[in-house]
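Thanks for coming, everyone. I'd like to walk you through one model today, so have a look at it first and then we'll go through it piece by piece.

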Amino acid sequence: MQPAASPHDFLRFLESPEGMALRAGFMSRRCRRGETLCGPGTTRDEVLVLRRGRVRVHTSDGRRELTLMFLEPGDVFSTHTGATLTAAGAVELLAMPTRHFAQALEAGGTPAVVSIMRVLGRLLAHTVERLEDLVFRDVHARLARLLLALVRRQGLHQPSGAWRCPLPFTLTDLAGVLGSSRQSVSAAFSALERQGLVRREGRQWLNIPDLALLECHTAAKASPS
């Protein structure tokens with residue numbers, strides 16, 4: 001298995017000769033960790049492209065909070081979705097008013113549209129998978145699938161045949177993403193380690209000894225329990 005296409009592909013398009021006209025319409029903005037970029041009631045109507053850092057997309061009913069996803073460099077989002085965007089670290093964004101963005105895409109022709117559609121298609125697929133996980137899978141299966149997706153996206157194939165990748169989530173982050181408690185996620189992680197499917201290297205790296213075995217595990221857990 002090969003890792004998925006780089007999340008930086010859209011950024012590379014913006015910096016290419018074909019994308020320079022679109023890039024010129026964006027303004028750069030920097031944010032600190034914990035800073036809210038937008039949320040319900042936001043008056044700015046903008047398209048945001050994440051250039052550096054990570055952004056948490058979440059929603060709340062006033063009592064409970066649910067993390068929908070983490071945006072990575074190259075991802076695109078809008079301020080008028082109703083979700084709250086919070087910087088998960090130091091962040092650099094590219095921002096453009098939505099109306100200007102639509103005009104720029106129209107002027108940019110097919111290459112610009114194709115590039116942005118790839119990004120939006122990936123985010124939509126992620127959202128559908130997220131909903132399926134919450135409805136049909138237990139926390140063990142949700143965690144295994146999330147780790148598998150992380151390896152596919154950022155994994156480094158080792159000479160031993162294992163895969164190694166950064167683990168950018170704390171247990172609290174994972175609990176928010178998986179719609180579960182921190183204690184349940186910790187227990188699920190420990191269960192995967194006992195089965196030899198994953199191994200944590202400190203707090204920031206993950207080792208997958210046998211990727212095919214982890215894939216089989218997620219397939220076996222695909223039906224609701």
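**A walk through the sheets, cores and a pocket**

Let me start with one pair: Arg-52 sits opposite Glu-92, and that glutamate belongs to β8. Before I go on, please keep in mind that this is a predicted model.

So, β8. Arg-52 comes from the β3 side, where strand β3, residues 46–52, runs antiparallel to β8 and is joined to it by six bridges. Now go over to β1, residues 27–31, which also pairs with β8 in the antiparallel sense, this time over five bridges. And who stands opposite Glu-92 there? Arg-30 does. So Glu-92 faces Arg-52 and also Arg-30. Further along, Met-27 has Ala-95 of β8 as its bridge partner.

Put those strands together and you get an open sheet of four, in the order β1-β8-β3-β6, with antiparallel pairing. Which strands are at the edges? They are β1 and β6, the latter covering 76–78, and each of them pairs on one side only. From one strand to the next, the twist averages 35°.

Is β8 enclosed or open? Largely enclosed by the rest of the structure, because six of its seven residues are buried.

That takes us to the inside. The largest nonpolar core has 32 residues, and the ones with the most contacts within it are Phe-10, Leu-14, Leu-22, Leu-71 and Leu-85. Strand β8, residues 91–97, gives the most to this core, with five residues. There's also a second, separate core of 28 residues, which includes Phe-70, Val-177, Leu-178 and Leu-214. Hold on to Val-177 and Leu-178, we'll meet them again.

**The other four-stranded sheet**

Next sheet. Here we have another open one with four strands, ordered β2-β7-β4-β5, and the pairing is antiparallel. At the edges stand β2, 36–38, and β5, 65–71; each has a single partner strand, so one side of each is left without a neighbour in the sheet. On average, neighbouring strands here are turned by 30° against each other, if you ignore direction.

The contact between β2 and β7 is a short story: two bridges join β2 to β7, residues 84–87, and the two strands run antiparallel. Thr-36 stands opposite Thr-86 of β7, so to speak threonine to threonine.

While we're around there, take a look at Gly-34, in the loop between β1 and β2. Is Gly-34 buried or exposed? Neither, strictly: at 48% relative accessibility, Gly-34 counts as partly exposed. In sequence terms Gly-34 and Ala-87 are 53 residues apart, yet their C-alpha atoms are separated by 5.2 Å.

**Helix α6 and the pocket**

Now the helix I promised. α6 spans residues 171–178 and is mostly covered, with six of its eight residues buried. The buried ones are Leu-171, Leu-174, Ala-175, Gly-176, Val-177 and Leu-178. Val-177 and Leu-178 are the two you just heard about in the second core. Just after α6, Gly-179 takes a positive phi of about 65°.

α6 also turns up in the second largest pocket, which holds about 510 Å³ of space. The pocket is lined by 22 residues, and the closest to its centre are Pro-168, Phe-169, Thr-170, Leu-171 and Asp-173. β7, α6 and α7, 182–194, each supply at least two residues of that lining. Which element gives the most? That's α6, with three residues.

**Last strands, and the cysteines**

Nearly done. Strand β10, residues 163–166, pairs with β12, residues 205–208, antiparallel over four bridges. β12 also pairs with β11, residues 199–201, again in the antiparallel sense, over three bridges. There, Glu-201 has Trp-205 of β12 as its bridge partner. The hairpin of β11 and β12 has three residues between the strands, and Gly-202 in it takes a positive phi near 70°.

Back on β10, Cys-165 stands opposite Leu-206 of β12. How accessible is Cys-165? At 0% relative accessibility, Cys-165 counts as buried. Cys-216, on the other hand, is exposed, with a relative accessible area of 52%. And how many disulfides does the structure hold? Zero.

That's my tour. Questions, please.

Methods:
Residues are numbered from 1 along each chain as its sequence is written. This is a predicted model: local features need pLDDT of at least 70, side-chain atom pairs count only at pLDDT 80 or more; totals for chains, interfaces and linings use all residues. Side-chain values use heavy atoms; hydrogens and water are left out. Buried means under 20% relative accessible area, exposed over 50%, partly exposed in between (1.4 Å probe, protein chains only). A disulfide is a pair of cysteine sulfur atoms within 2.5 Å. Two strands pair if DSSP finds at least two bridges between them. Axes are lines fitted to C-alpha atoms, for helices over the stretch in contact, and angles run from 0 to 180 degrees between N-to-C directions. A nonpolar core is a set of buried Ala, Val, Leu, Ile, Met, Phe, Trp, Tyr and Cys residues joined through side-chain atoms within 4.5 Å. On a 1 Å grid over the protein atoms alone, a cavity is a set of points where a 1.4 Å probe fits but cannot get out, and a pocket is an open set with protein on both sides within 12 Å along at least five of seven lines; lining residues have an atom within 4 Å of a point. Grid points are joined across faces, edges and corners, and a volume is the space filled by probe spheres set on the points.
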